[in-house]
Amino acid sequence: MPPTLRPYQNDIVQGVRQKFREKHQSVVIVSPTGSGKGTLLPYVASGVVRNDLKVLIMAHRQNLIDQLCKALDSFDLCYSVISGRKHVKYNCMIGMVQTIVSRLDNIPEPDYILVDEGHHSTADTYLKIFQKFPNAKRILLTATPEDANGEGLIKVASAMVIGPTVRWLIEQGFLSRYTYIKPPSSVDLASIKFKANGDINEKSALKQIRKSFHVGDAVDLYRKWMDGKPNIVFCVDISHAKEVAEAYQQAGYRAEAISGLMSRSEQKHLLGGLKTGEIQVLCSADLIGEGTDIPCLQGIQMLRPSKSIVIVLQQWGRALRPKPDGSNAIIIDHMQNCVDMGFPCDVREWSLEPKKKKGEVCLKTCDRCQRSFHAHEAKEKAAEECSDESCPMDQVSIERPQHEREFEVIDVEMEVIEDPWAWLGGINPALAAGEEYTAMMAKADSVEKLKQICRARGYNHRWATVQAVKKGLIKETRQFKKYSKR
């Protein structure tokens, strides 16, 4: 029997169909890592084929293609893998983007294009394929709808269907609860340089990391929290992964480094060893992230700093698969990425529009009624039509799901404390408006709380500084004077 969709997956499918009925040609499906996109995609493909239409499925890595082929097999769907000079025989076609773009003239025009890890779709290779088949409807599946530069996907899609939150999936048992550990860092994080897309400058990061004691700290905390259980350590590069693996080996653990430069057979052997217990710790250099499903994992360790929410969410997602014994996932954040990125269960507002243009924010807050809305939907209207008597945004209905008012317990430095959002008393930081917004701002009596609000609402990072100065929490600076005049 082919797999059946979970109710929330069926809702996503119906949402996509509605967008196509509304004449959108390209739709983004946003659903968290571990929510079952690997089942959703082949289900949609099988429906297309049953209607005697052609569908082209593509992804950017071979391991993703291998997983999708297994999923297609479970639906008893015949498909053609695009490779070499093989003839395309079936209505369902699948292949790596790099292969497809070099064989465009040999591929029959599809009616639908399905893209796994769709946040890569703004790259030139994808655009060439879309341009070759301009009439094909497109469905882009992703957990993080931003491209490599932190931009939205407006260039390749006109509509978005958003699935359940991480918090809801955890509460329903589809993802694992987690213990988040943020030990003090011996790395001078302030001296690490970052690229425009939020990823690290590897040379800069390694220079600071090698001055620290983080490797020894990592081994000690692994022994305390996961001792011998399957663990992935995210490292800066191959040399760093090898150094970390050696430190674990010297401590008596079965550890290996893994990277994208290894052959497919080597990678499969190492990942298989993690599942069988032959290997306890895998130290990854930019390999284990998107689409890698390892249910046996007890947790992860982050030895790689990042200011890219795409990278951080993908790494968190590796740990959140449900555990056979029902235990919590362990996330040890040595680089304190949560300071800028928040936590796995934080509410996040996604948009097709770019989030961080200079001087702009993702949400627009009405100065009079304090209601906040997606900038691309309400910015002009809120700015031009709002009056003292009534705000036109009153008509916008914002649903506040009850499950998003409940909070996780997070473990920090071995001391159990309440979730960082507990101080809000149930106010949803991303959706707060009017009286709730005013109450939230009154409760924000520290710079860290203002930064939390800033992250949740997608504001420019300088917003927290401006508010802190207004509240008298920090002194006025030259940067504040410059920014506050905008």
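A crossing of two helices is called left-handed if the near helix is turned anticlockwise from the far one by less than a right angle, and right-handed if it is turned clockwise. Helices (H or I, at least four residues) and strands (E, at least two) are DSSP runs, numbered from the N terminus. The structure described here is a predicted model, in which local features need pLDDT of at least 70 and side-chain atom pairs count only at pLDDT 80 or more, while totals for chains, interfaces and linings use all residues. Residues are numbered from 1 along each chain as its sequence is written, and side-chain values use heavy atoms, with hydrogens and water left out.

The protein chain contains 17 helices and 17 strands. Of its 486 residues, 53% count as buried, where buried means under 20% relative accessible area, exposed means over 50%, and partly exposed lies in between (1.4 Å probe, protein chains only). The chain exposes about 22,800 Å², of which carbon and sulfur atoms supply 48%; accessible areas come from the Shrake-Rupley method with a 1.4 Å probe, and for residues only the protein chains shown count as cover. Among the contacts in the chain with a separation of 6 or more, 71% are accounted for by residues 24 or more positions apart, a contact being heavy atoms within 4.5 Å.

Three helix pairs are described next. Axes are lines fitted to C-alpha atoms, for helices over the stretch in contact, and angles run from 0 to 180 degrees between N-to-C directions. Angles under 35 degrees count as roughly parallel, over 145 as roughly antiparallel, 65 to 115 as roughly perpendicular, and the rest as oblique. Helix α1 (residues 7–21) packs with helix α2 (residues 37–50) at an angle of about 45°, their axes being 11 Å apart, which makes α1 oblique to α2. The crossing of these two helices, α1 and α2, is right-handed. On the α1 side the participants are Gln9, Ile12 and Val13, which meet Thr39, Leu40, Tyr43 and Val44 in α2. By class, the residues of this contact of α1 with α2 comprise five nonpolar, two polar and no charged, where Ala, Val, Leu, Ile, Met, Phe, Trp, Tyr, Cys and Pro count as nonpolar, Asp, Glu, Lys and Arg as charged, and the others, Gly among them, as polar.

For the second pair, the axes of helix α8 (residues 214–225) and helix α9 (residues 238–250) come within 10 Å and cross at roughly 50°, and α8 and α9 are therefore oblique to each other. Here too a handedness can be given, since α8 passes α9 in a right-handed crossing. In α8, His214, Val215, Ala218, Val219 and Tyr222 meet His240, Val244, Ala247 and Tyr248 of α9, and the residues of this contact divide into seven nonpolar, two polar and no charged.

In the third pair, helix α15 (residues 447–457) and α16 pack at an angle of about 140°, with 9 Å between their axes, which makes α15 oblique to α16. The contact joins Val447, Leu450, Lys451, Ile453 and Cys454 of α15 to Trp463, Ala464, Gln467 and Ala468 of α16, and it has seven nonpolar residues, one polar and one charged. The crossing of α15 and α16 is right-handed. Within helix α16 (residues 462–470), the buried residues are Trp463, Ala464, Val466, Gln467, Ala468 and Val469, and just after this helix Gly472 takes a positive phi of about 75°.

Strand β9 (residues 231–234) includes Asn231, which is buried with a relative accessible area of 0%. When its neighbours within four places in sequence are left aside, the residues in contact with Asn231 include Tyr222, Tyr248, Leu274, Leu282 and Ile300. Phe234 also lies in strand β9 and, at 3% relative accessibility, counts as buried. Although Phe234 and Leu303 are 69 residues apart in sequence, they are 5.6 Å apart in space, C-alpha to C-alpha.

Two loop residues other than glycine have positive phi values. Asp52, in the loop between α2 and β2 (55–59), has a phi near 60° and counts as exposed at 62% relative accessibility. Asp76, whose place is in the loop between α3 (62–74) and β3 (80–81), has a phi near 55° and is exposed, with a relative accessible area of 64%.
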